[in-house]
Amino acid sequence: MAPIAVGDAEDILDLRAVLESAALRKVAAEASDADLAGLDRFRETDTDDVAAFSVYNREFHSTIARMSGNRRLAETTENLMDNYDRLCLVSLGPEREGENRPAVALADHVEIIAALQQRNAAAAVRGSVRHIRRSRSQIMRRLESRPIVG
């Protein structure tokens with residue numbers, strides 16, 4: 001597995017924010033009611049198992065990208081998630097006793113789902129921006145002492 005430099009991590013997070021915002025706007029405007037209701041399956045997951053949460057996280061973000069109806073956006077998101085998954089594994093471990101980073105991320109996902117189901121693109125994008133900002137902060141704190149993730 002190729003290493004990821006800190007600069008690459010920043011690029012990945014910037015691109016993720018752009019892609020996800022575009023996908024969320026399209027999903028809120030164009031997704032079927034049935035597809036939006038199907039997002040309910042992402043309202044719960046095991047937040048105590050970081051590896052299992054990583055699988056869930058990838059599927060959540062990839063599903064939203066596919067729901068956008070833009071094949072290239074979905075493919076680019078899937079490729080980006082290959083590298084993002086490694087960053088998530090670095091950032092999701094607890095920093096302080098009793099802290100559960102996956103539980104915080106799950107709460108963000110639930111907020112995004114609710115906004116999409118209300119077809120409120122602005123609220124979904126705001127939730128996503130907060131989610132990615134929090135992720136960026138966690139990842140960069142973790143990488144500060146280790147410039148490369150292997």
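Here is a short tour of this predicted model, from its overall layout down to a few single residues.

Residues are numbered from 1 along each chain as its sequence is written. Because the model is predicted, local features need pLDDT of at least 70 and side-chain atom pairs count only at pLDDT 80 or more, while totals for chains, interfaces and linings use all residues, and side-chain values use heavy atoms, with hydrogens and water left out.

**The overall layout**

The protein chain has six helices and two strands. Helices (H or I, at least four residues) and strands (E, at least two) are DSSP runs, numbered from the N terminus. Read from that end, the order is β-α-α-α-α-α-α-β. Of the chain's 150 residues, 44% count as buried; buried means under 20% relative accessible area, exposed over 50%, and partly exposed in between (1.4 Å probe, protein chains only). Now take contacts, meaning heavy atoms within 4.5 Å. Among those between residues at least 6 apart in sequence, 80% join residues at least 24 apart.

**Helix 1 and its partner**

Helix 1 covers residues 6-30, so to speak a run of 25 residues, and spans 36 Å from first C-alpha to last, close to the 36 Å expected at 1.5 Å a residue. That expected span is 1.5 Å times one less than the number of residues. Among its buried residues are Ala9, Ile12, Leu13, Arg16, Leu19 and Glu20.

Helix 1 meets helix 3, and helix 5 meets helix 6; the table sets the two pairs side by side. Axes are lines fitted to C-alpha atoms, for helices over the stretch in contact, and angles run from 0 to 180 degrees between N-to-C directions.

| Pair | Angle | Axes |
|---|---|---|
| Helix 1 and helix 3 (residues 50-67) | roughly 55° | within 8 Å |
| Helix 5 (residues 101-117) and helix 6 (residues 121-143) | about 165° | 8 Å apart |

Helix 5 is therefore roughly antiparallel to helix 6, whereas helix 1 and helix 3 are oblique to each other. The cut-offs are under 35 degrees for roughly parallel, over 145 for roughly antiparallel, 65 to 115 for roughly perpendicular, and oblique for the rest.

On the helix 1 side, Arg16, Glu20, Ala23, Leu24 and Val27 meet His61, Ile64, Ala65 and Met67 of helix 3. The residues of that contact divide into six nonpolar, one polar and two charged. Here Ala, Val, Leu, Ile, Met, Phe, Trp, Tyr, Cys and Pro count as nonpolar, Asp, Glu, Lys and Arg as charged, and the others, Gly among them, as polar.

**Helices 5 and 6, and the loop between**

Helix 5 residues including Arg101, Val104 and Asp108 take part in the contact with helix 6, whose residues there include Ala123, Gly127 and Arg130. This contact has seven nonpolar, five polar and six charged residues.

Arg119 sits in the loop between helix 5 and helix 6. Most residues other than glycine have a negative phi. Arg119, though not a glycine, has a positive phi of about 55°. With a relative accessible area of 33%, Arg119 is partly exposed.

**Two more residues to look at**

Ser135 belongs to helix 6 and is buried, at 7% relative accessibility. Beyond its neighbours within four places in sequence, Ser135 is in contact with Leu13, Arg16 and Tyr84. The C-alpha atoms of Ser135 and Leu13 are 8.4 Å apart, with their places 122 residues apart along the chain.

Ala5 lies in strand 1 (residues 4-5) and is partly exposed, at 31% relative accessibility. Its C-alpha atom is separated by 8.8 Å from that of Leu143, 138 residues apart along the chain.
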